[in-house]
Amino acid sequence: VTYGCLVYQEQVMQIVRDLAGYSYGRSDLVRRAMSKKKADVMLKEEQYFVYGRPAEDGQAAVKGCIANGIPEDTAKEIFAHMVSFASYAFNKSHAAAYAVVAYETAWLKCHYPAEFMAALMTSVSDDPVKIAKYIRNCRDHGVEVLPPDINESSRKFTARGGAIRFGLSGIKNVGDGVIEEIIRARGARGKFKDFPGFIDALDISKINKKAVESLIKAGAFDSLNPNRASLMAVYEDLIDTAHDVSRNNVAGQISLFGDFGDFGGTDIGQSMTVKIPDIRDFSRQAKLEMEREVLGVYVSGHPLDDYRERISGISTTDTEKMQHPDENGIRDGERVALGAMIRSVRSVITKKNQIMAFAQAEDLYGETEVIVFPRTYENVKSILASGRIVVIGGRIQIRDDEEARIIADDITDIDDYHAVEDDRDVYLTIPEGIDENKALRAISGVISRYPGNRRVYIQLSRNGKRFVADRTVAPCSRFSAEIHSIIGKEQ
């Protein structure tokens, strides 16, 4: 019924019964051994499956494949196939249950995409890597993900009008107690009208400075006052004053928000002397970094948004593909170009007393490690700085149980990197009178500094032989200039 393909664990049980004469009970023993990868049991069972086993210890005899007319090599091949299959196989009822869940969730994502994705993000709210991935998926499908808002956000991610509102539980340092108090105050007194009103509405004993700071950095108060710098400058004094007034209230004195004075549009007690300053707001870049600090992801934008189109034209891979190299056909040693922002740099001294670096580079999809060995480091150290947007050329390194990373050959500031001039392959001729080996080494070095996806054909004038270089290139003007210096412009 599955066209000769092993699909269910029950089929393993059927094979050992029909081909080797196993009993129902012993066939289940094989299934369990395979699913739990018990190597010692599997080794014994392979012998029984191929050659049989006499009746002993109260257990029935196993006839074996050879006795049933199946060639030894064929029997061993079948058993090996069952072993490899068993590492991912389910029993039939389990597979059917998964199929039902798969259908139901696909239906929900199709017809209720915002609600489905909000529930999905809530389920992984403590994993910023997955949150970032799902936010990209939402935007790819036209579902907007909105930053947290003190008047709109619930504890979880919520769907509102076809968009998704970031949940308060996804903000670092904002615990359950703080969230409960915000929701309680909002329900009792209505939406907050300004920042001082927010402080006054809450039981100040249930909120702390770190939580308020994180709420500001996350943009949760932007709808009340978009100037995060002014709120950052005043929030500690406001909370301190609120604590003082709260203690005075216990002593029978005036309330925090009485009938005296004016403060940001809200009547406050005479004891409140804190004013929200009119200062210059943080830059867009600074706000995005704040969001990443407390949310783990960028929500209102991305530092690379202005370079999105350019990076797309330059990069031959991205960090999301690098996380799953086998699925995306990425091979160890493959040459790549990656447009990214340097997030951090760690320099180390080698045993030969040379400096090399390990950098974290972030593109629009995630992060990857970049290894910069001493020879390359000397050439790029002035560029290798946190916050710099660059083009990294190098080779992919893939090791077992480790995420793929890049060994850099060259790092160029993106503003100094010339875009690909056209999408044609490159044809070069090494003219007579030039040392071919020397020219080929020089050309290879240039190609390595401009990785791309165009092939390079090299012809030797001496004998007319043409061959294809083992690396592909992005044929930009700088590449052309360097090649011209080796073989001449006319070549």
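Start by selecting I430 and L460: in this predicted model, L460 in strand 13 is the bridge partner of I430. Now widen the selection to the two strands around that bridge. Strand 11 and strand 13 (residues 456-460) run parallel to each other as a pair, joined over five bridges.

Add strand 14 and you have the whole sheet: three strands, open, in the order 11-13-14, with mixed pairing. Which strands stand at the edges? They are strand 11 (426-430) and strand 14 (466-468); each has a single partner strand, so one side of each is left without a neighbour in the sheet. Look along the sheet and you can follow its twist, which averages 25 degrees from one strand to the next.

Keep the sheet on screen and bring in residues 436-449. This is helix 16, and it lies across strand 11, strand 13 and strand 14. Compare its direction with that of strand 11: helix 16 runs at about 155 degrees to this strand.

**On to the barrel**

Next, select V348 and M356. M356, in strand 7, is the bridge partner of V348. Extend to residues 335-349 and 355-362 to show strand 6 and strand 7, an antiparallel pair with eight bridges.

These two belong to a barrel, which five strands close in the order 6-7-8-10-9; here, too, the pairing is mixed. On average, and ignoring direction, neighbouring strands of this sheet are turned by 55 degrees against each other. As a reminder while you trace the ladders, strands of a sheet pair through backbone hydrogen bonds, either parallel or antiparallel.

Now show residues 284-295. They make up helix 12, which lies across strand 6, strand 7 and strand 8 (367-372). Relative to strand 6, helix 12 runs at about 75 degrees.

**A stop among the aromatics**

The model has 10 aromatic pairs. For one of them, display the side chains of F195 and F198: this pair is stacked, with 6.4 Å centre to centre and 20 degrees between the planes. Both residues lie in helix 9 (residues 195-201), three residues apart, about one turn of the helix.

Are these two rings buried or exposed? F195 is buried, at a relative accessible area of 2%, and F198 is buried too, at 0%.

Stay on F198 and add F221. Their rings form an edge-to-face pair, 4.9 Å centre to centre with 70 degrees between the planes. This pair links distant parts of the chain, 23 residues apart: F198 is in helix 9, while F221 sits in the loop between helix 10 (209-217) and helix 11 (228-250). F221 counts as buried as well, because its relative accessibility is 1%, and the cut-off for buried is under 20%.

Finally, add F192 to the selection. F192, F195, F198 and F221 form one aromatic cluster.

**Two more views**

For a ring with a charged neighbour, go to Y48. R53 lies over the face of Y48, at 5.2 Å from the ring centre.

For the last view, select residues 92-111 and 113-123, which are helix 5 and helix 6. Their axes come within 5 Å and cross at roughly 120 degrees, which makes helix 5 oblique to helix 6. Which residues make the contact? Show T105, L108, K109, C110 and H111 on helix 5, then P113, F116 and M117 on helix 6.

Note on methods: Residues are numbered from 1 along each chain as its sequence is written. This is a predicted model: local features need pLDDT of at least 70, side-chain atom pairs count only at pLDDT 80 or more; totals for chains, interfaces and linings use all residues. Side-chain values use heavy atoms; hydrogens and water are left out. Two strands pair if DSSP finds at least two bridges between them. Helices (H or I, at least four residues) and strands (E, at least two) are DSSP runs, numbered from the N terminus. Axes are lines fitted to C-alpha atoms, for helices over the stretch in contact, and angles run from 0 to 180 degrees between N-to-C directions. Contact means heavy atoms within 4.5 Å. Rings of Phe, Tyr and Trp (its six-membered ring) pair if their centres lie within 6.5 Å; planes under 30 degrees apart count as stacked, over 60 as edge-to-face and the rest as tilted. Buried means under 20% relative accessible area, exposed over 50%, partly exposed in between (1.4 Å probe, protein chains only). A charge sits over a ring if NZ of Lys or CZ of Arg is within 6 Å of the ring centre and within 35 degrees of the ring normal. Angles under 35 degrees count as roughly parallel, over 145 as roughly antiparallel, 65 to 115 as roughly perpendicular and the rest as oblique.
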